[in-house]
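Open the model in your viewer and keep the selection box handy. We will go stop by stop.

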Amino acid sequence: MSRRKTERLLSLVVCLLSARRYLTATQIRDAVPGYPDSFDAFKRMFERDKDELRELGIPLETGVNSGSEDEAGYRIPRQAYELPEIRLEPDEAAVLGLAARVWRRAELAGAAAGALLKLRAAGIDAEDTTQPGIEPRLQTGEAAFSPLWEAVRDARPVSFAYRAAGRSSPQQRHLEPWGVVNRHGRWYVAGQDTDRGEERVFRLSRMDGPVTFCGPPGSVKVPAGTDVRKAVRAWDTEPPQQRPGLLRLRHGAAHGLRQHAISQAPAPEQPGWDLVEVTFSDTGWYADHIASFGADVAVIEPADLRDAVIGRLKGVLA
Amino acid sequence: MTTDAPSRDAAPRPGTATDRLQRLLSLVPYVISRNVVGLADTAAAFGITERQLVDDLNMLWCVELRSPDPYCPIDLSYEGGEIVVSQAESIGRPLRLGTDEASALLVALRMLAEVPGIGDRSALSRTIAKLEIAAGSAAAASAQVSVQVDDRAARNVLAEVTDALRQRRRLHLSYYVPGRDEATERDVDPMRLLVVDGRTYLEGWCRRAEAVRLFRLDRVLSVSRLDVAASVPQEAQPVDVDKGLFRPSAQDVHVVLELSAAGRWVAEYYPCEQTDDLGEGRLRVSLRTPDTQWVRRLALRLGEDGRVISPPELAAAVRDDAIAALALYA
């Protein structure tokens, strides 16, 4: 069954690619073996075949031959079908092989393999041998990746339940997606939030349940000059205002806090302790960070940072 | 072409009629674009058996169009194990790249171009340019997906590490282990650079642990190349990146945490074995770890937004830590 279908589809592609004029459905049935005799049954099967070819990306064109009153016909223009000439130097083919491995085990693995197959068919020897010592991978563990990639690719608005940071229940959100970005290993989508009327960034791992399309393909217009990477970076980066702080660190401990210190010196009259000057921007985050070093650190100033750390520690005992 | 390699990156897919059609349409141009093509090599390149390949070739050869006059558009032979296509009619070139296909490669190539110190940046930009031209309009959507690689590692760290890999030299690392808040000193024989999910790691044989270890480059405090050739022992097993970099083992401690809505991020950052929704945004997560030191620090950071439920000794240790820390403010 499947074999006969493959044979029929192959003949159909060859037939339509060789045609210089549009071929009518009847002409196609006469030329391509494997279609049923009944015209209705043929039509149904032919419709399905056309869909399958289009899904493979084969440019099946419909039209009427000029100078004739013929019914509409079909053909596959060579120009639109054929991969243009591409030649790669050995070092270029090597990085191509490396790139194809990035998606292995991730959402676009099949697409990457398919692309490599076509490029090999174009004469490129994209070797899969490892370039000395580098192994790149991306993962798309989030279920939302696939529908969001489709939405971005096809310019369709989407809707999803989203659990914003710290929120106890998810909310239904509506988004015109502009792009999908992986920043430091996490996937985000950026676009126009149509509920808020503002540009927003959402983290895929915080989406709860399915992503649904809520508009036809082509209905999202990405504003000119949009830089989704920048949008995600801005969303993810701490505000730049830096405040000074003074910490007391146990000597030889709390390396994580010393890494970004401005100055450190032994604390006078407190053997075993250092006084360390630091800067920070987000008080809440920095207080959490300090709390994680337990009894190796005490905040001297500012007072709000000191209070925030004490609050965190008391929370442990609450 | 290597014999078994290409089949490995072909995604496992069911053998539907259209999958096979795609292969058949690639097969003819594959043969035409090469001077000498053997059955064995070709089967390996397509990830199929020689028998399947012969069946594919027969199917191509058998294509017959019946009208206006019957003719066979494809003529080929594979006598003596060498494939020769003498007539290919219209399918002599491969099909254009689809949007997903072009995007998968372009996004990956652009990601690689971002890895600092990857070395072959010129080959990457040349390949990207050529692929964009060949893909035409199918390349456009790829601009809407991008991967930003963590660049917080110091430039000189990457340069030293990549040089050491290239020259197969031993490295001395001063490496920060945040879970234990320790700066450690160790000699490492570099094996590979892993760029996984936007982070760069050095994989190497750690001479202190006498085991393969991963070192996140942004945690390397300082690095120097030693005047010693790297010697990675035979038994060193590279990490299987496709199975995940960090895998729990049977000896690990089983930890259960309860998180408030504000503490849910923990489930996104750490590989949890199980997560249970407790309602109102609360979550119970369980994870396995060889070293609970970092969990203590995590619990202090979480305050009232996360609580260690099990093991009880760990919960008690966290309370003791908090009491000791609060005593500093007394």
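Select S4(B) and S5(B). These two strands form a hairpin with four residues between them. In the turn, click Asp181(B): its phi is positive, about 50°. This is a predicted model, so every angle and distance on the tour is computed from it.

Now look along the pair. S4(B) covers residues 169–177 and runs antiparallel to S5(B), with seven bridges joining them. Pick Tyr176(B) and find its bridge partner in S5(B), Ala183(B).

**The other neighbours of S5(B)**

Add strand S6 of chain B, residues 199–206. Eight bridges join S6 to S5(B), and the two run antiparallel. Which residue stands opposite Arg192(B) in S6(B)? Select Glu203(B) to see the answer. S5(B) and S6(B) also make a hairpin, with two residues between the strands. Click Asp197(B) there; its phi is positive, near 50°.

Next, bring in chain A. Select strand S3 of chain A, residues 134–137. Four bridges join S3 to S5(B), residues 182–196 of chain B, and here the strands run parallel. Show Glu135(A) and its bridge partner in S5(B), Leu194(B).

**Thr200(B)**

Go back to S6 of chain B and select Thr200(B), which lies in that strand. Is Thr200(B) buried or exposed? Buried, because 26 other C-beta atoms lie within 10 Å, and 20 are enough to count as buried. Leave aside its neighbours within four places in sequence, and its contacts are Val115(B), Val149(B), Asp150(B), Ala153(B), Leu193(B), Val195(B) and Leu217(B). Try a distance too: the C-alpha atoms of Thr200(B) and Ala102(B) are separated by 25 Å. Along the chain, these two are 98 residues apart.

**A helix with two sides**

Select residues 39–55 of chain A. This is helix H3, with 17 residues. From first C-alpha to last, H3 reaches 24 Å, close to the 24 Å expected at 1.5 Å a residue. Colour its buried residues: Phe46(A), Asp49(A) and Leu53(A). Why do they sit on the same side of H3(A)? Because they cover an arc of only 65° around the axis. An α-helix has 3.6 residues a turn, so residues three or four places apart point the same way.

Turn to the other side of H3(A). Exposed residues here include Asp40(A), Arg44(A), Glu47(A), Arg48(A) and Asp51(A). Then show helix H1 (2–18) and helix H2 (25–31) of chain A, which are among what covers the buried residues of H3(A). Finish with Gly57(A), which follows H3(A) and has a positive phi, near 90°.

**The cores**

Select Val13(A). Beyond its neighbours within four places in sequence, Val13(A) is in contact with Leu53(A), Ile58(A), Ile76(A) and Leu25(B). Val13(A) is also one of the residues with the most contacts inside the largest nonpolar core, which has 134 residues. Others on that list include Ala99(A), Leu148(A), Leu105(B) and Val161(B). A second, separate core has 37 residues. Look for Ile290(A), Leu313(A), Leu287(B) and Leu302(B), which belong to that second core.

**Loops worth a click**

Two residues of chain A come next. Ala155(A) has a positive phi near 55°, though it is not glycine. Find Ala155(A) in the loop between helix H7 (145–154) and strand S4 (158–162) of chain A. Ala155(A) is partly exposed, with 19 other C-beta atoms within 10 Å. His184(A), also not glycine, has a positive phi near 50°. Its loop runs between strand S5 (171–183) and strand S6 (186–193) of chain A. His184(A) is partly exposed, with 15 other C-beta atoms within 10 Å.

Now look for cis peptide bonds. One joins Glu301(A) and Pro302(A), with omega about 0°. Pro302(A) lies in the loop between strand S12 (297–301) and helix H11 (303–317) of chain A. Another joins Ser310(B) and Pro311(B), with omega about -5°. Pro311(B) is in the loop between strand S12 (306–310) and helix H10 (312–327) of chain B.

**Zoom out**

Colour chain A by its domain assignment: domain 1 (2–81), domain 2 (93–139), domain 3 (145–236) and domain 4 (243–317). The C-alpha centres of domain 1 and domain 2 of chain A are 33 Å apart. Do chain B next: domain 1 (5–87), domain 2 (99–144), domain 3 (155–243) and domain 4 (253–327). In chain B, 41 Å lie between the C-alpha centres of domain 2 and domain 4.

Key. Residues numbered from 1 in each chain as written. Chains lettered and ligands numbered in written order. Predicted model: local features only at pLDDT ≥ 70, side-chain atom pairs only at ≥ 80, totals over all residues. Domains from an automatic or database assignment. Expected span 1.5 Å × (residues − 1). Buried ≥ 20, exposed ≤ 12 C-beta atoms within 10 Å, placed from the backbone. Arc of directions from axis to C-beta. Contact = placed C-beta atoms within 7 Å. Core = buried A, V, L, I, M, F, W, Y, C linked by C-beta atoms within 7 Å. Pairing = 2+ DSSP bridges.
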